[in-house]
Amino acid sequence: MKIINFGSLNIDKVYAVDHIAAPGETISATGLTLNAGGKGLNQSIAAARAGAQVLHAGAIGPDGAFLEQLLKENGVDTSSLLHVEGESGHAIIQVDAAGQNSIVVSGGANHTLTEDYVRQVLDLAQPGDMVLLQNETNVVEPVLRTALVKGLTVCFNPSPVPTQPLPYNLVDIFLVNETEAAALAELPADNDPETILDNLGWAYPRSTIVLTLGEKGALCRSNGGNNVQKAFSVNAVDTTAAGDTFTGYFLAGLAQGKDLTLCLKEAAAASAMAVSRPGAALSIPARAEVEEFLKK
């Protein structure tokens, strides 16, 4: 079973700041680094480092060659990657002294995918394969509908939260943080996580819903039952790729036939390790590291 990820590929411009800029505020950065990023790239690398077979579907411009190289170095299949004119996607990220972040994304090449491309890529799928997508590319609905016809397991991380209606009933596995979950449940973000999860479960009863809660761990609703996964205590340095690491490891575990409880535990451990390191894709641990972490 492989994971086909229709995912964004971004060049991350990461600014170190004392605090996240407030509306109307101008602040000075204390440092700048350029990293490989994009939720899609991060999730593909996380799943591949967790041991899954991953095919990345997406697009880059001439400035994004190093993004493709990084995917290859981590064992991700890039044979379906599109090369287009114009800039690759990029993100401007503020990271404060506590490791919290604020992110602005520009789509670039990520918004050049077509429905024909979706069909070509999914023609490579086998029944039972997973299709992973976020909301940083422009073909979410065509992927959802084509994957259904082909009998694939659809995994959706709706980030950023979609502003247009989508056929969420086609999603088999939702991977959401508190903000995304509240938006999908049409509830205020200050509701308690259990209420939000229950509402999503009622709205999408056939779906598995994974709700990540940062330092509070994660909740999962599947087949009418709830699982609780506590977070591992670490010194947070940079939370940029925390959710993507969790997503990649969780889905890799499912693809490898592991039970839900173990998938959640390994994903939480990998995410904890990622936040203890600077950067996005480069902070994601390898499976051997996660196994050693869990032994301790």
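Q: Which residues does G99 touch, not counting residues up to four places away in sequence?
A: This is a predicted model. G99 is found in the loop between β7 and β8. Contact here means heavy atoms within 4.5 Å. With sequence neighbours up to four places away left out, the residues that G99 touches are V237, D238 and T239.

Q: Is G99 buried or exposed?
A: The cut-off for buried is under 20% relative accessible area. G99 has 0% relative accessibility, so the residue counts as buried.

Q: What distance separates the C-alpha atoms of G99 and C220?
A: Along the chain, G99 and C220 are 121 residues apart. In space, their C-alpha atoms are separated by 26 Å.

Q: In what order do the four strands of the open sheet stand?
A: The pairing in this sheet is mixed. β3 (31-37) and β8 stand at the edges, each with a single partner strand, so one side of each has no neighbour in the sheet. Neighbouring strands are turned by 20 degrees against each other on average, direction ignored. The order is β3-β2-β7-β8.

Q: Which residue of β8 stands opposite I93?
A: Strands of a sheet pair through backbone hydrogen bonds, either parallel or antiparallel. β7 and β8 pair in the antiparallel sense, over six bridges. Opposite I93, in β8, stands I103.

Q: At what angle does helix α2 run to β3?
A: Helix α2 covers residues 65-73. The helix lies across β2 and β3. Its angle to β3 is about 60 degrees.

Q: Which residues lie nearest the centre of the largest pocket?
A: The space in this pocket is about 1,400 Å³. The lining has 47 residues. Among the elements that give two or more residues to this lining are β7 (89-95), β8 (101-106), α5 (178-185) and α7 (242-255). Nearest the centre lie N101, N177, T239, A242 and G243.

Q: How many residues in the lining of the largest pocket are charged?
A: The lining is split by class. Nonpolar residues number 21, and polar residues number 19. The charged count is seven.

Q: Which element gives the most to the lining of the second largest pocket?
A: This pocket has a volume of about 230 Å³. Of its 17 lining residues, the closest to the centre are H111, N135, E136, T137 and N138. Two or more residues come from each of β8 and α4 (140-149). The top contributor, with three residues, is α4.

Q: How many polar residues are in the lining of the second largest pocket?
A: Seven of the lining residues are nonpolar and two are charged. The polar count is eight.

Q: What is the omega of the peptide bond from S159 to P160?
A: P160 sits in the loop between β10 (153-156) and β11. The bond from S159 to P160 is cis. Its omega is near -5 degrees.

Q: Is E186 buried or exposed?
A: E186 is found in the loop between α5 and α6 (193-203). Its phi is near 55 degrees, a positive value in a residue other than glycine. Exposed means over 50% relative accessible area. At 73% relative accessibility, E186 therefore counts as exposed.

Q: What is the phi of N223?
A: N223 lies in the loop between β13 (218-222) and β14 (225-229). N223 is exposed, with a relative accessible area of 78%. The residue is not a glycine, although its phi is positive. The value is about 55 degrees.

How values were computed. Residues are numbered from 1 along each chain as its sequence is written. This is a predicted model: local features need pLDDT of at least 70, side-chain atom pairs count only at pLDDT 80 or more; totals for chains, interfaces and linings use all residues. Side-chain values use heavy atoms; hydrogens and water are left out. On a 1 Å grid over the protein atoms alone, a cavity is a set of points where a 1.4 Å probe fits but cannot get out, and a pocket is an open set with protein on both sides within 12 Å along at least five of seven lines; lining residues have an atom within 4 Å of a point. Grid points are joined across faces, edges and corners, and a volume is the space filled by probe spheres set on the points. Ala, Val, Leu, Ile, Met, Phe, Trp, Tyr, Cys and Pro count as nonpolar, Asp, Glu, Lys and Arg as charged, and the others, Gly among them, as polar. Two strands pair if DSSP finds at least two bridges between them. Axes are lines fitted to C-alpha atoms, for helices over the stretch in contact, and angles run from 0 to 180 degrees between N-to-C directions. Buried means under 20% relative accessible area, exposed over 50%, partly exposed in between (1.4 Å probe, protein chains only).
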